[in-house]
Amino acid sequence: MTTLEITLRGAQVLTAEGLTACDLSLSNGRIADTPSGRAVDLDGYMILPGIVDIHGDGFERHLAPRRGAMKDLAQGMIATEAELAANGITTAVLAQFYSWEGGMRGPEFADQVFAALTAVREHVETDLHAQLRFEMSLLDDYAAVEDMVARHGIGYVVFNDHLPHKALAAGKKPQGLTGQALRIGRNPEKHLEYIQGLHARLPEVGPALDRLSTGLAARGVRLGSHDDATAEGRRQARARGMTIAEFPETLEAAEEARAGGDAVIMGAPNLVRGGSHKGNVSAVDLVAMGLVDALASDYHYPSLMRAAFLLADGGVCDLATAWGLISSGPARLLGLSDRGTLRPGQRADLVILAADTRRVVATMAEGRISYMAGAVARRFIG
């Protein structure tokens, strides 16, 4: 697909020093260090590095807008990519569950999602990546997970444990179990028996997880843990090669991650809301303490850009630092050294905002337009 040979003039461009009035040239899908092609006047606009979303499951609503409406996942992926681009996202990691919860979080659906992602990846502009979120209690599925990772070329696996252990250990029926079972077409009593069986095998998880994580790491797969609650839990995860801590729930877990050289990812919606909806540690506080390497969309793509501006406007950090949490920071964690900034030689991944409203008016991925709307289109076409 053709990339633009163009020089963007008159805009405020975000550099390491902040917003600066300077030209930005694009050539062969890269940021060029000399003028290229024709000039486009972007006075009144801001140009910032394209957003790298390191973890998001907002795509679920496009794949199944209502229960049972899951006929063409590839079209859902196309709709997802349009939303990503409209929110300035040029690289996105789609986080898909592999869980005992079944339905859209079950293994069969995960396989379909990864197949659909492969089918559309070469036909969209946004760079789409896969993440597998695996429930570690599924001991009988460890071999199947290794196979799935290999078949779909998945480069990022995160381990969860969302079993309601406290209720199960007390012999109680977990809250919401009946509704959960009915949503996936499972008898509630059978579902309870199933998760009770998983809970009973908890002592087997550690040794099995050691073997699985070792095997995946040997393939070069990035490993992370999700919702670390304690320093000890983070240390155990690190010992298994899980060097990324997604959404730690407590300050002690985040501090242990930083002390051990691990990366910390927090959810942008947590920051935008002013706190976690579950009462966990505040993302704003962790950013202010220098404990966060990247912000992720989690379940809401627009929150990424909003979070960066909230940090800068609130004086938590400057705009270049705040924007780095949604561009260069996540790119570094993913090993994508060719993006995240607007330096010469980097991929021409960028988002153009109206300076007065901060609305996304155009997004470009590797020098190709993935989204454009409004008056800015006349600047490019004219």
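This is a short tour of a predicted model, moving from strands to a pair of helices and then to one leucine.

**First stop: a hairpin**

Begin by selecting residues 12-15, which form strand β2, together with residues 18-21, which form strand β3; the two strands run antiparallel and are joined by four bridges. The connection from β2 to β3 is a hairpin that passes through two residues. To see one facing pair, show Thr15 and look across to Gly18 in β3, which stands opposite.

**Second stop: a four-stranded sheet**

Next, bring up the open sheet whose four strands lie in the order β5-β4-β1-β6, with mixed pairing among them. Its edges are β5, at residues 30-32, and β6, at residues 38-41, each of which pairs on one side only. If you look along the sheet, the twist from one strand to the next averages 30°.

Within this sheet, select β4, at residues 24-27, and follow the three bridges that join this strand to β5, noting that the two run antiparallel. Leu26 is a useful residue to label here, with Ile31 of β5 standing opposite. When side chains are displayed, keep in mind that in a regular strand they alternate between the two faces of the sheet.

**Third stop: two helices side by side**

Now select helix α4, residues 142-152, and helix α8, residues 202-218, whose axes come within 11 Å and cross at roughly 15°. Angles under 35 degrees count as roughly parallel, and α4 and α8 are therefore described as roughly parallel to each other. Their crossing is right-handed. On the α4 side, display Tyr142, Glu146 and Val149, and on the α8 side Val205, Ala208, Leu209, Leu212, Gly215 and Leu216, since these residues make the contact. Sorted by character, the residues of this contact comprise seven nonpolar, one polar and one charged.

**Last stop: Leu334**

Finally, centre the view on Leu334, which is placed in the loop between α15, at residues 328-333, and β16, at residues 350-354. Is Leu334 buried or exposed? Its relative accessibility is 13%, and because buried means under 20%, Leu334 counts as buried. To see what surrounds this side chain, add Val52, Ile54, Val93, Tyr156 and Arg222, which Leu334 touches when residues up to four places away in sequence are not counted. From here you can also look back to Val149: the two residues are 185 apart in sequence, while their C-alpha atoms are 16 Å apart in space. Val149 was one of the α4 residues in the contact with α8, which brings the tour back to its third stop.

Technical notes:
Residues are numbered from 1 along each chain as its sequence is written. This is a predicted model: local features need pLDDT of at least 70, side-chain atom pairs count only at pLDDT 80 or more; totals for chains, interfaces and linings use all residues. Side-chain values use heavy atoms; hydrogens and water are left out. Two strands pair if DSSP finds at least two bridges between them. Axes are lines fitted to C-alpha atoms, for helices over the stretch in contact, and angles run from 0 to 180 degrees between N-to-C directions. Buried means under 20% relative accessible area, exposed over 50%, partly exposed in between (1.4 Å probe, protein chains only). Contact means heavy atoms within 4.5 Å. Angles under 35 degrees count as roughly parallel, over 145 as roughly antiparallel, 65 to 115 as roughly perpendicular and the rest as oblique. A crossing is left-handed if the near helix is turned anticlockwise from the far one by less than a right angle, and right-handed if clockwise. Ala, Val, Leu, Ile, Met, Phe, Trp, Tyr, Cys and Pro count as nonpolar, Asp, Glu, Lys and Arg as charged, and the others, Gly among them, as polar.
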